[in-house]
Amino acid sequence: MARVMTQTLSRDALAHAGWWRALWGALLGPWIKIKRDPAEPVALLAAGTPVIYVIERNGFSDSLILERACHEAGLPSPLAMVPGLGRRRRAMFAMRGTGGWLQRRSPDHAAQATIRQLLRMLEDDPERNVQLVPVAIYVGRAPIRQSGWFSVLFSENWAVVGHFRRLLAMLLNGRDTIVRFSPPISLSDLRRESGDERVERLQRKLARVLRVHFRRVRTAVIGPDLSHRRTVVDSVLNAEAVRAAIGATAAKENISTAKAWKRADHYVREIAADYSPPFVRSVSFLLSSFWNKLYDGITMHHFDTLRATAPGHEVVYVPCHRSHADYVLMSFQLYQSGVVVPHISAGANLNLPVLGSFLRRGGAFFQRRSFKGNALYSVIFKEYLAQLIDRGVPLEYFIEGTRSRTGRLLTPRGGLLSMTVRAFLRAPRRPVLFQPVYIGYEKLMEGRAYIGELSGRKKETESWWGLVRGLRALRQRYGRVTLNFGEPVLLDPLLDAAEPGWREHAGKEAKPEWLSAVIDTLAARIQVEINRAADVNPVNLVALALLASPRHALAEADLLAQLELMKAILVALPYSERTTVTPMAPADIVAYCEQMGWITRVAHPLGDVLAVSGEKAVLLSYFRNNVLHLFAAGAWVACCFITNRRVARDTVKRLGRTVYPFIQSELFLPWDSDGFEARIDALIEFLIGRGLLATSGDAHLLHQAAGREDESWQLRLLAHCLLQAFERYYIAVAALVKNGPHALTAGQLENLCQLAAQRLSLLYQQSAPEFFDKSLFRGFIQKLRERRIIWADADGKLEFDAVLNGVARDARLILAREVRQSILKITPDVVAAEPTQ
């Protein structure tokens, strides 16, 4: 017992605490385990300046926890005497009171008196200083797996609870106690900055700042105070825009206002989440075990930046969308990291019986795929989103609109982004922060379904039967999952750049003319930041190397050499400070992928061969596409030496600037044209340093290094990252040139390109369904139109000039003659057959 008491209270504290405090400290000591944030808060304090701690609630248990946390961190005791404060014994005070044993009690005004007393003390002695350290204490924020179901009922929330409930919370959840120390407030600095401001006014200002601070921290940790779903539903239905839409619907359809209102009520209940903290805590309890059985681990990188930035902001998580597991993984990891679970926009196809209710309680709100033809639904959904933003509820949605079936980032859709920005402009209370998140898998549960859909099979509608059949996939192991948090994108600077006077539109419902441009810029920036936060795992690297070989097989020594080259590029020339790369050595990468069942080893007396074939090759293309963008510049340089022994450095850079806008829009690359050229230069120097390229003359002419011809295969494998993209481009250009101007519409050209690519894939057995993905051709054609290389005539037919012929000629530098001939041979056949389609 004596040892526990010593651990709980310092000797100085015991001198002031008395036997009652010491007894409770000893009794509760074994039940409390504190996690400090930051781990070493002593670094926050100014040396030699007295410290007074400010806590949110005036509870006996909170003061015990604070004293123990300070003792463990080596901080001054909150029970120490503060000279000059008269009869005050403790260097701490609370912003509000707590409840009694059985009932709640209204807050008292002790905090106001303490702040006033401190300010007057400094007024009497200007040379003196005191630093106030806000400390937030949360008991049972995240009950651990062993804590039991009952504990979730007594976790931290917004209610002011009595002593008995607090005691139960400590006994059940005390081993999951978070004590968050914030940077101190220097009262002398505050007094100096306020000038001649009266003490009473400064006291009210400081009290308000502290209350807002604690509310922000509590919102970030346990979520905003949403007392009941009904409050949000009523607010939506009573909004002026919704009432007007109800009236318009009643008049248009010649129905009663009551009937139109009933329909609106149905819509908002169909949409609205029913977030339940106890439910989230219970599901977190279950998922801890589930993820351990399904995955070998879940890793997060760069999350601390968000944790430091999030308070005071409306946070919108915008992850890439790879799997249905994205929803749950994100929420689970955020909750486990001490951040509130966001409200998530989910497709109405997931609103199945029972499952829909569960998802709502976890924060999901449902959205129909299209609002077309239903003005009332559109207004209600926009108002619901605006109400969430107005309340400071963190959000999560996928701007791609659907899961990527190819592993690439999809062209973003601006609908939800536009609604978010307009809601902010209507009531700009908090700055909006968009948080891009890259989610990287090593195996997908939906892999086979994606292959079928890309091959033309109709997507299966979500149903309970489909979920039951999908349970078979849970028998497998899916490796590791990585969540990388990208650079946050703040909305205010984007608005300032687009329209310096945007604040004049605050409170107005009308859509500004400049909004569309802002949304396009914002969407592209989010996708770029997601790619900059990519994680390169072992499966990504093996997929890049093996799928670049003609028969998807390499000698073990060659595979190890290529893996080492790719890792060396990423380390020597980092794509971004937020990009992460597996620490595994090449041999360990190969062994890991064998263990995962991705590759097969074929023993041979002259050296083993590692191969991937059949369906696995197609599945691996997904993971190759996850990280193609990281090697774009190196692949471009390597492409220039597929069919050429020598190329001028200026030619590599000039043509690189020409093709860059197209690969930039397809892969969401971060550089402008000058930046890409600089990246090309850096890659050239890297390859020269590796002995794969050499220079001659005045260093303007590049060629493959003499005597290293046997290693030119490494350049060919590296070039393959972009080769299929260039083949797609050439298909589109060939179709246009062969048919001539004024012959094809954009839609006809898309269809022809897809058919030609499908046929080429069949003839050459390419294990890449995205090669004939129509959306990629659509993006390329759109970029040609944006750059005025092609344009539509009065009849909608595509017109072009001699520039396009020059593009076709430049393709000879990149594409082998036999590839060009195959494309040209296939294209006329497809064009001739097109009118009969």
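This section describes the helix packing, the burial of selected residues and several backbone features of a predicted model.

The protein chain of the predicted model comprises 837 residues, of which 55% are buried, and its secondary structure consists of 32 helices and 24 strands. When contacts between residues at least 6 apart in sequence are considered, 77% of them join residues that are at least 24 apart.

Helix α26, spanning residues 649-667, takes part in two of the helix pairs examined here, with α28 and with α30. In the pair with α28 (residues 712-739), the axes lie 12 Å apart and the packing angle is about 110°. Because angles of 65 to 115 degrees count as roughly perpendicular, α26 and α28 are assigned to that class, and the crossing of α28 by α26 is right-handed. On the α26 side this contact involves Val 659, Phe 662, Ile 663, Glu 666 and Leu 667, which meet Leu 722, Ala 725, Phe 726, Arg 728 and Tyr 729 of α28. By residue class, the contact of α26 with α28 contains eight nonpolar and two charged residues, with no polar ones.

In the pair with α30 (residues 774-786), the axes of α26 and α30 come within 10 Å and cross at roughly 135°. The two helices are therefore oblique to each other, and α26 again passes its partner, α30, in a right-handed crossing. Pro 661, Phe 662, Ser 665 and Glu 666 of α26 meet Leu 776, Phe 780, Lys 783 and Leu 784 of α30. The residues of this contact of α26 with α30 divide into five nonpolar, one polar and two charged. Phe 662 and Glu 666 of α26 are thus listed both in the contact with α28 and in the contact with α30. An α-helix has 3.6 residues a turn, so residues three or four places apart point the same way.

The loop between α26 and α27 contains Phe 668, for which phi is near 55°, a positive value in a residue other than glycine. With a relative accessible area of 10%, Phe 668 is buried. Within the helix that follows this loop, α27 (residues 673-689), is found Arg 679, a charged residue that counts as buried at 10% relative accessibility. Apart from residues up to four places away in sequence, Arg 679 touches Leu 573, Pro 574, Tyr 575, Leu 630, Ala 633 and Trp 671. Arg 679 is also placed 9.8 Å from Lys 653, C-alpha to C-alpha, across a sequence separation of 26 residues.

Helix α28 is in addition one of the elements against which the buried residues of α31 pack, together with strands β23 (790-792) and β24 (798-800). The buried residues of α31 (residues 802-810) include Leu 804, Gly 806 and Ala 808.

Elsewhere in the chain, helix α10 (residues 257-271) has 15 residues, which at 1.5 Å a residue should span 21 Å, and the distance of 21 Å between its end C-alpha atoms agrees with this expectation. Its buried residues are Ala 260, Ala 264, Asp 265, Tyr 267, Val 268, Glu 270 and Ile 271. These buried residues of α10 pack against the helices α8 (229-237), α9 (240-253), α14 (355-361) and α15 (375-390), as well as against strand β10 (364-367).

Three further loop residues were examined. Val 354, in the loop between β9 (343-347) and α14, has a positive phi of about 70° although it is not a glycine. Pro 342 lies in the loop between α13 (325-336) and β9 and, at a relative accessible area of 0%, is buried. Not counting residues up to four places away in sequence, Pro 342 touches Tyr 317, Ser 331, Leu 334, Gly 362, Gly 363, Pro 394, Leu 395 and Glu 396. The C-alpha atoms of Pro 342 and Val 393 are 7.0 Å apart in space, although the two residues are 51 apart in sequence. Finally, Pro 38 is found in the loop between β1 (34-37) and β2 (51-57), and the peptide bond leading to Pro 38 from Asp 37 is cis, with omega near 0°.

Methods:
Residues are numbered from 1 along each chain as its sequence is written. This is a predicted model: local features need pLDDT of at least 70, side-chain atom pairs count only at pLDDT 80 or more; totals for chains, interfaces and linings use all residues. Side-chain values use heavy atoms; hydrogens and water are left out. Axes are lines fitted to C-alpha atoms, for helices over the stretch in contact, and angles run from 0 to 180 degrees between N-to-C directions. Helices (H or I, at least four residues) and strands (E, at least two) are DSSP runs, numbered from the N terminus. Angles under 35 degrees count as roughly parallel, over 145 as roughly antiparallel, 65 to 115 as roughly perpendicular and the rest as oblique. A crossing is left-handed if the near helix is turned anticlockwise from the far one by less than a right angle, and right-handed if clockwise. Contact means heavy atoms within 4.5 Å. Buried means under 20% relative accessible area, exposed over 50%, partly exposed in between (1.4 Å probe, protein chains only). The expected span of a helix is 1.5 Å times one less than its number of residues.
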